[in-house]
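Me: I would like a close look at a single part of this model, followed by how that part sits in the rest of the assembly. Please keep the account plain.

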Amino acid sequence: MVVALSALLAPWLSPHDPLEQDVLLRLASPTADFPLGNDSFGRDILSRILWGGRVSLYVSTVAVLVAIVVGGALGILAGYIGGLFDRIVMAAMDVLLSLPTLVMGLLVVAMLGPTVGNLILAITLTAIAPFARIARAPTLTVKERDFVEAGRALGFSNVRLMVVHILPNVVDDILVMAALWLATAIRTEASLSFIGLGVRPPTATWGGMIREGFENILDTPWLAIYPSLAILVVMFGLNMLGDGLRDTSDPRLRHE
Amino acid sequence: MSDVRQPALAVEGLTTEFRIEGRWHAAIRDVSFSVARNETLALVGESGCGKSITALSIMGLVPKANGRIAAGRVLLEGRDLTELDEAEMETVRGRAISMIFQEPMTSLNPVLSIGFQVEETLRYHTSLSNREARERALALLEHVKIPSAARRFDDYPHHFSGGMRQRVMIAMALACSPQIILADEPTTALDVTIQAQVLALLAELKAETGMAMIFITHNLGIVASIADRVAVMYAGDIIETASVEALFDHPMHPYTEALLSSIPRVDRDAGELKPIAGQVPPITAMPAGCRYADRCPLRVARCATMPPLVPLAGDRAHQVRCWVRAGDGGQTP
Amino acid sequence: MLTYIVKRLLVAVPTLLAVLTVVFFFVRIAPGDPAFIILGDQASQQAIAAVHQELGLDRPMLVQYLDFMSTVLRGDLGMSLVTHRPIWSEVANVLPYTIELTLTALVIGVVLGLPLGIAAARHRNEALDYAARVFSLLGLSFPAFVSAIMLLLAFAIELHWFPVISEARPGDPLSRVSALVLPAINLGLIMVAYVMRVARSSMLGVLGEDYIRTARSKGVPARVVIWRHALGNALIPVVTVVGLYLGVLIGNSVLTEIVFNRPGLGKLIVNSLNQRDYTMLEGLMVIYAFIIVIVNLLTDLTYGLIDPRVRQR
C-alpha cells in the first residue's frame, strides 16, 4: 500500500526531477539533499526509484487488469458454453502456457519493439491463460448447481446468468490470483527492463536502474542495491497480500 | 453376563478436551465403561455426542495440536494406555487394539495396494518374514471373503467397492488378532444389503476369535442385532447403560426413550414416531447441570445440577444419569 | 502403465504441432520486415527481394508453413542470419550448460525443499514452520536477477569465494564446478521456496486424511506414516509445481546466465535479440517449445508412477 501510494504521489514526493542531471554530483554519496546518493549521470536515486515504481506499477497493473478481463471472460465463457468452444479456448491457453513467461515476454517485446504498450501486451499475454483456467473451473461447478438451472428454467438470459450467478463465485479466486500475478508481472517487467527490453532510457524503471547499477557493480554496488530493495519490498508485500486474501477467502484453509 | 471376569478394556473417568479459541472445552466428560472378552458393547448417540472422540481417546489418536486427554484412565488388561508414550502406543495399536473407521472410501491409502496395507499391520507387530506376512495377509483377505483375493492382492483401493473396502479394513484390523476391536460406525456409509453382510461378518469373526468389540453407532436397529450391552451418550456424557434387552424394554433416561421412539418400528404406529425437539448444546456452551434438561419434558429444578450415573435398584447393571428416573427404582418405564 | 505412456505420448504430439504452428504464425505476424531488420531501413528493393528469397518469404504462406513444419520435424532448424552456421550446432554448443544449470537447480530445489516442507507441515505453527514460511515468501519475492546480483556481490565480490565471471575452462573440471555453484544456488534457492511451499500445504492436507489415521491406528511408526503413507499422496501437487516451475526456471536461467555471464540458451537468446538474428530466434522458440512439451510429458509420466489411479486413465 505504502509503495502504491508513494508511486502515485511520486511527482510530489520526489525531491528532484528524476531526469535532472548534475555532472558535479556523479556517483555522489548520500547527502541530506539526495538521501540515497546519485547515479552515474548525477541523477537523484531516490527520485528515480519513486518514478521507476510508477512505471513498473502502471505497466503491471494495466497488464494484469487486461489479463483478468480477457482471461476471466474467456474462462467463464468456455466453462459456460462448453463443447467445442471450450476445447479450442483451453487448447489455445495450453499453447500460451507452454512458452515460459519470460521467454514469451522477451520475444513479444523484441519483435514488436520496447514501448510501454508492447510491454503491457507481452505481460498480458503471459497472464491470460492462468486467469482463464481459474475462472473456468468454478464456472463448471456453479453451472451445474440448482440455482443456475432454476434461473435457466425461469428464462433468464445467458448473459444475465453469467453475470449475476457465476461472476460472484469466481471473484474470490481471481482476487487471490490477481495479487500473486501482479507480483509476477512486476517481476517480468523488471526482468525485461534488466535485459534491456523495457521502457527505453532515460525513463527510470527499477529493472533498468539495476541494469545500470550492475554495469558498475564493482565500484558502486549501491546503484544496483537500492532499486533491488524496492522491488523486493513490493514483491514481498504483494505475496503476503495474496496469502492473506487466500486465507480469508478459503475457510477450509487446507490449501497452501 | 457375569461381572467377575477381568474386563478386556476398562475406561475410567475419561475426559478429553479440545482447545477452541484459546479455551479448553470437554468433548467427553468422565466417561467410564468396560467391555469383557467376547462381549460387544454398543456406544450409541447422535452425531457429535462424543462417541468417536471416545474411540480416538482410547487409541491415543486425539490430535495433539488442539486436543488432550485431561483426566481418566484407559486400562487394557490392567495397563493404563494414557500413560504410554507415542512409541509404546505404536506397539499397542494394531496389535492389542484395532479400529475400523466409518468411511471405507477414504480410510484406505489410495496409492498403496490393499495387499500391502494388510501386510503392513503384520510387518510392525510380528516377526513374520515378508513371504509369511504376504501369505498371512492373503489368508486374511480370503477370510473376510474378498472374492479371488489372490488375484486382487496387488490391486489398489479404487478398484474396490465400499463394502469390499470395508472388508479390507476389517482384515487389517484383525491381522494381529487383537483383544479389542473398535468399530466406529463401520456400516453407516454402506448400502443396506452390504451393511447386513458386513455386520454378519463382524459377528462371525468375533465369535471365532473371542475378542471384545466396542461398536459405535447411531443406528439402534444395528444395536439390537449385534450388541450385548449398550451405553447411550449425550453431549459428552454417558447417560444410560444397560443390557440390550433391558434398554429396549425399559429405557430409563428420557433421552433414551426419545431416541427409541424416534426410530420407526414395525410393532408401533407411525403416529408414535416423534423427532426430539430442540438442539444438543454446543461444546462451547455446555450447561452446568444435566445437559439434556433443555429438551427434557420431565425437567425439574434439581436438573440444574449434574446428576450422577447410578444403578437401578432392580437391575444393578442398568445405570442411568437422571434425577427424576433414578429415584423410582426403574418401575415406571 | 505401458498403455498410459503410449496415451500420453499420443497427446503430446498434437500439442507440439500446435505450439510449432503458433511459433510460425507469431513470427510471421510480428510487424517489421526481417529484411529491414537485417539490412537496415535504407536497403534497396533488390537487396530486400534477395533476402526474402534467401529466407523463402516470397512464397505463399501455406507453402512456407508446410516447409517450416517439415524441416523442423526433421530436426533442421536452419541457419543463423548472423553467424551463418546451423542453428542446431549453435544451440548444441551451449545447451549442455543450460541443462547442467537447470538440473542442478532442480536437484537442489527438490532435495532441500521437500524435507523442509514436510518438516514445516509436521511442526505446524511452530518456530520452524514460521521460519520456513517467511523464507518461502522471500524466495517467491526475489526476481532471479536481483538474487543473482546479491549472491554475486556477497560471495564473489566481497568474499572472493567464487570467480566474478564464471568461466569454465576446458579440461578443468574444477573450474566448471566453481562456475556452476553460484548460478545453481541462485536458481535452486528460489526453487526451494516453491517446492517447500507446496510440499507444506499438500502435506498438511494429506495429514488430515482418513487413511493417515488408519495407518496410525495400525501402529505404523510415525516416520513410516510420513514417508510412505503421506508422502506418496502429497507428492502429486509437488510434481505439478515442479513441472510448472521448470518453465519459470527456464526464464530465470536466462537472467542468471546474464548476471553470471555464463554461456547457455539464455545468453544465446539475448545475443540474438541484440543482433536481430531472426532465424535464430525462431529456432530458439522451437527449442523452448520442445523442452516444455517434453517437461509436461515427464510430469504426466511421473503422475502415473506415483498415483495408481492416474495409470488407468
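Leaving aside its neighbours within four places in sequence, which residues is Gly71(A) in contact with?

Reply: The model is predicted, and what follows should be read that way. Outside its neighbours within four places in sequence, Gly71(A) is in contact with Ala127(A), Ile128(A), Ala129(A), Phe131(A), Ala132(A) and Ala135(A). Gly71(A) itself is found in helix H3 of chain A, which covers residues 45–81. One of these partners, Ala129(A), is 58 residues away from Gly71(A) in sequence, yet the two C-alpha atoms are 6.2 Å apart in space. Gly71(A) counts as buried because 27 C-beta neighbours lie inside 10 Å, where the cut-off is 20 or more.

Chain A around this residue is helical: it has 10 helices and 0 strands. Of its 256 residues, 46% are buried. Among contacts in chain A between residues at least 6 apart in sequence, 68% join residues at least 24 apart, and the pair Gly71(A) and Ala129(A), at 58 residues apart, can be set beside that figure.

The wider setting includes a nonpolar core. The largest such core has 240 residues, and those with the most contacts inside it are Leu106(A) and Val195(C). Its largest share, 20 residues, comes from H8(C). Leaving aside neighbours within four places in sequence, Val195(C) is in contact with Gly109(C), Val110(C), Gly113(C), Leu114(C), Gly117(C), Val238(C), Val241(C) and Val242(C).

Chain C also touches chain A directly. That contact takes 35 residues from chain A and 40 residues from chain C. On the chain C side, helices H1, H6, H7, H8, H10, H11 and H12 each supply at least two residues. H10(C) gives the most, with 7 residues. By class, this side of chain C has 32 nonpolar, 7 polar and 1 charged residues.

The side of chain C that touches chain B has another make-up. Here 21 residues of chain C are in contact with 28 residues of chain B. H9, H10 and H13 of chain C are the elements giving two or more residues to that side, and the largest share, 7 residues, comes from H9(C). The classes on this side of chain C are 7 nonpolar, 6 polar and 8 charged.

H11(C), one of the helices on the side facing chain A, also packs against a helix of its own chain. H5(C), residues 87–122, and H11(C) pack at an angle of about 135 degrees, with their axes 8 Å apart. That angle makes H5(C) oblique to H11(C). In this contact, Glu90(C), Val94(C), Leu95(C) and Thr98(C) of H5(C) meet Leu265(C), Gly266(C) and Leu268(C) of H11(C). The residues involved divide into 4 nonpolar, 2 polar and 1 charged.

Confidence is the last point. The predictor gives the complex an ipTM of 0.83 and a pTM of 0.78. In chain C, the mean pLDDT is 80, and 90% of the residues reach 70 or more. Among the elements of chain C, helix H9 (residues 210–217) has the highest mean pLDDT, 91, and helix H2 (residues 34–39) the lowest, 64. H9(C) is also the element with the largest share of the side of chain C that touches chain B.

Note on methods:
Residues are numbered from 1 along each chain as its sequence is written. Chains are lettered from A and ligands numbered from 1 in the order in which they are written. This is a predicted model: local features need pLDDT of at least 70, side-chain atom pairs count only at pLDDT 80 or more; totals for chains, interfaces and linings use all residues. Two residues are in contact if their C-beta atoms, placed from the backbone, lie within 7 Å. Helices (H or I, at least four residues) and strands (E, at least two) are DSSP runs, numbered from the N terminus. Ala, Val, Leu, Ile, Met, Phe, Trp, Tyr, Cys and Pro count as nonpolar, Asp, Glu, Lys and Arg as charged, and the others, Gly among them, as polar. A residue is buried if 20 or more other C-beta atoms lie within 10 Å of its own, exposed if 12 or fewer, and partly exposed in between; C-beta atoms are placed from the backbone. pLDDT is the predictor's confidence in each residue, from 0 to 100. Axes are lines fitted to C-alpha atoms, for helices over the stretch in contact, and angles run from 0 to 180 degrees between N-to-C directions. Angles under 35 degrees count as roughly parallel, over 145 as roughly antiparallel, 65 to 115 as roughly perpendicular and the rest as oblique. A nonpolar core is a set of buried Ala, Val, Leu, Ile, Met, Phe, Trp, Tyr and Cys residues joined through C-beta atoms within 7 Å.
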